[in-house]
Amino acid sequence: MVARSTIPAGDFRTSYAADTTIFPTKTSRNFAIAGVILLCFAPLVFSEYWLSVSIQIGIFAIAALGLNILVGFTGQISIGQAGFFLLGAFTSAYINNTYAIPVFFAIPLAGVITALVGLVFGLPAARLKGLYLVIATLAAQYILLDFFSRAEWFSGGSVPASANPFSIFGYTLRGDRQYFYVVLAYVLVCYLLVTNLMRTRDGRALIAIRDHYLSAEIMGINLTKYRTLSFGLAAFFAGIAGALYAHYQLVISQEGFGIERSILFLAMIIIGGTGSIMGTLMGTAFVVLLPESMEWLSHNLKGGAIDKALALNNNITFLREIAIGLIIIAFLMFEPDGLARRWRQIKTYWKLYPFSH
Amino acid sequence: MTIKSWLGSAALALLAGTFAASANAQQIAIGHLQDLSGGTSDVGTPYGQGVVDTFAWVNKNGGIGGKQLAVDSNDYGYQVPRAIALYKKWSAPDNKVAAIMGWGTADTEALTGFLANDKIPDMSGSYAAALTDPEGSSGKAKPAPYNFFYGPSYSDALRAELTWAAEDWKAKGKPGKPKFVHMGANHPYPNAPKAAGEALATELGFEVLPPLVFALAPGDYSAQCLSLKSSGANYAYLGNTAASNISVMKAEERRRRCAVPVQRLGHG
């Protein structure tokens with residue numbers, strides 16, 4: 001869907017390995033490494049508020065990445081991602097509380113268990129297309145949510161469950177400043193894993209299914225297997241993100257993770273650009289920062305001239321919800337290929353400056 | 001420039017402009033959680049306005065010890081994750097608030113551990129009994145040494161209502177066991193007094209029927225209304241807030257066959 005950036009003149013590859021590198025040029029690789037090193041210094045500089053926002057962006061970026069595998073790379077659609085996110089959160093807390101598995105191992109284990117549940121939901125969904133698939137994933141969302149609100153042995157029922165903080169070798173990490181590194185490590189690993197997946201045989205099979213499933217099937221790609229695998233992968237990353245969230249918040253509640261959160265995940269990848277991995281991160285950052293800026297805006301507008309002119313008073317809180325919806329619609333209208341494409345265009349503009357058109 | 005680039009730069013400017021409010025050293029910072037848009041917003045909105053007005057009055061009349069109060073009011077939409085995010089902002093080590101005016105049962109119960117760790121007192125709009133155990137010695141609730149509220153807890157209020165109901169049944173001279181049913185959403189706030197109420201009801205000689213569930217938001221609850229009638233309950237405890245309780249009672253008004261001769265006991 002989103003084309004690769006223009007390769008500069010004189011840059012030619014002489015082996016398959018050189019052709020499938022993750023970073024197209026040495027400069028982009030060095031920039032990426034420098035960026036990660038800079039981020040390592042972030043907890044020393046950021047305020048608590050910005051740290052918590054960054055951690056949220058990191059956690060949701062992993063879940064959005066899973067959804068992007070399913071939606072952007074395999075061409076399916078799912079509005080059940082928030083259910084799997086919560087499943088990962090509750091599972092990690094449950095296996096840590098009940099079986100005393102350290103949090104360090106509980107998080108990947110929760111991801112695996114969520115992937116297995118995702119495979120169970122993915123099997124019937126793999127045969128469906130279009131609207132029917134949407135309804136099947138909607139069913140997954142509601143089944144999971146209902147299970148959480150009733151299964152007191154697992155999630156505590158309607159009372160929020162509590163999770164233990166992250167600890168490595170007996171040292172407990174307290175506070176956002178330390179948890180930031182955990183999330184950063186997981187984001188790096190997950191993003192590298194998925195970028196690598198897309199250049200392997202299985203990743204190319206997923207893209208083939210997205211582009212023209214009939215041709216893919218004729219070529220010998222097993223549609224059911226790859227579609228189910230895609231569901232499993234999406235659930236795996238959602239589970240990991242959920243587990244990270246559980247050990248960050250230390251309290252897991254289902255509120256805010258209903259169908260509206262699933263749609264927010266979809267919005268993250270649409271705004272960032274479906275089928276683009278860097279776009280997932282950008283889209284997640286946009287969607288997480290959007291309510292914060294709306295909150296800031298409404299906070300500043302309160303009591304001001306516009307508030308009095310429109311007589312908003314307490315309804316200013318709804319302005320936030322309206323604005324978020326409007327911005328998502330504006331993105332769909334003016335920037336359907338997402339932020340990733342816009343970023344590539346900006347880069348191309350400066351590459352060709354002053355000869356751009 | 002074109003509309004697209006104008007929209008783009010406006011969006012970027014908005015995003016770049018986010019920042020968190022900081023408190024003045026000469027002011028006492030108070031965190032305030034209110035529900036203006038969530039499941040209990042029908043009672044949360046006037047309560048929140050009351051809190052804001054009270055602190056404004058205190059400020060106008062000299063503040064506390066000469067210092068003004070800086071109240072940071074936030075709508076958290078009755079969602080626990082948003083409450084926790086706000087709490088993190090208020091409990092930042094260099095910028096801690098002096099106290100928090102809390103609201104909902106679910107988020108206050110979730111915050112009890114954090115409040116005890118950070119030693120920030122919380123006066124909640126939730127009167128759940130789970131907040132009344134300072135050391136957790138009852139074994140039924142987490143320790144909540146920094147949670148306060150004024151008035152009877154939900155469980156105590158329900159116990160009082162049940163005591164009245166038992167006497168009312170006897171005074172009316174009706175035979176046999178009265179039937180009690182708990183109605184409310186499957187949510188910590190309506191569920192708070194359920195166990196206590198059903199225990200006391202059994203002790204007082206009530207027949208406790210299986211609870212009926214209806215959501216916190218107002219809606220069409222004719223189904224619950226019919227279940228209530230068919231269960232033959234005599235006393236029903238409506239656990240939700242005003243708007244959704246009124247929806248249930250309006251459902252009875254609308255559907256004549258659903259008119260139930262049940263005495264309703266209220267909550268919060």
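How far apart are the end C-alpha atoms of residues 263–290 of chain A? A few notes on this and other points, bearing in mind that this is a predicted model.

1. To take that question straight away: the end C-alpha atoms of residues 263–290 of chain A sit 15 Å apart. The span is 86% helix and 0% strand. Set beside it residues 130–148 of chain A, which are 100% helix and 0% strand, with end C-alpha atoms 28 Å apart.

2. Both spans come from the UniProt record. Its unreviewed entry marks "transmembrane region" over several stretches of chain A, including 130–148 and 263–290. Others listed there are 31–51, 58–79, 99–123, 179–198, 229–248 and 311–334.

3. Now the overall build of chain A. There are 17 helices and four strands. The radius of gyration is 21 Å, and because a compact globule of 357 residues would come out near 21 Å, the two agree. Along the principal axes, the C-alpha atoms fill a box of roughly 60 × 55 × 45 Å.

4. On the inside of chain A, 43% of the 357 residues are buried. If you take the contacts with a separation of 6 or more, 76% of them join residues 24 or more positions apart.

5. One helix pair worth a look is H4 (residues 48–73) with H12 (residues 223–249), both in chain A. Their axes are 7 Å apart and the packing angle is about 170°. Anything over 145 degrees counts as roughly antiparallel, so that is the label for H4(A) and H12(A). The residues of this contact split into 21 nonpolar, two polar and no charged.

6. Just past that helix, A:Leu250 is in the loop between H12 and strand S4 (251–252) of chain A. Phi of A:Leu250 is near 65°, a positive value in a residue that isn't glycine. A:Leu250 counts as partly exposed because it has 18 C-beta neighbours inside 10 Å.

7. A:Ala100 is another non-glycine residue with a positive phi, here about 50°. Look for A:Ala100 in the loop between helix H5 (81–98) and helix H6 (103–125) of chain A. With 9 C-beta neighbours inside 10 Å, A:Ala100 counts as exposed.

8. Check the peptide bond from A:Tyr353 to A:Pro354 too: it is cis, with omega near 0°. A:Pro354 falls in the segment after helix H17 (338–352) of chain A.

9. Over in chain B, B:Glu167 belongs to helix H5 (residues 154–171). B:Glu167 has 11 C-beta neighbours inside 10 Å and so counts as exposed. Its C-alpha atom is 21 Å from that of B:Ala195, 28 residues apart along the chain.

Terms used
Residues are numbered from 1 along each chain as its sequence is written. Chains are lettered from A and ligands numbered from 1 in the order in which they are written. This is a predicted model: local features need pLDDT of at least 70, side-chain atom pairs count only at pLDDT 80 or more; totals for chains, interfaces and linings use all residues. Helices (H or I, at least four residues) and strands (E, at least two) are DSSP runs, numbered from the N terminus. The radius of gyration is taken over C-alpha atoms; the globule rule is 2.2 Å times the number of residues to the power 0.38. A residue is buried if 20 or more other C-beta atoms lie within 10 Å of its own, exposed if 12 or fewer, and partly exposed in between; C-beta atoms are placed from the backbone. Two residues are in contact if their C-beta atoms, placed from the backbone, lie within 7 Å. UniProt positions are given in the numbering used here, feature names are shortened, and annotations may be inferred rather than shown by experiment. Axes are lines fitted to C-alpha atoms, for helices over the stretch in contact, and angles run from 0 to 180 degrees between N-to-C directions. Angles under 35 degrees count as roughly parallel, over 145 as roughly antiparallel, 65 to 115 as roughly perpendicular and the rest as oblique. Ala, Val, Leu, Ile, Met, Phe, Trp, Tyr, Cys and Pro count as nonpolar, Asp, Glu, Lys and Arg as charged, and the others, Gly among them, as polar.
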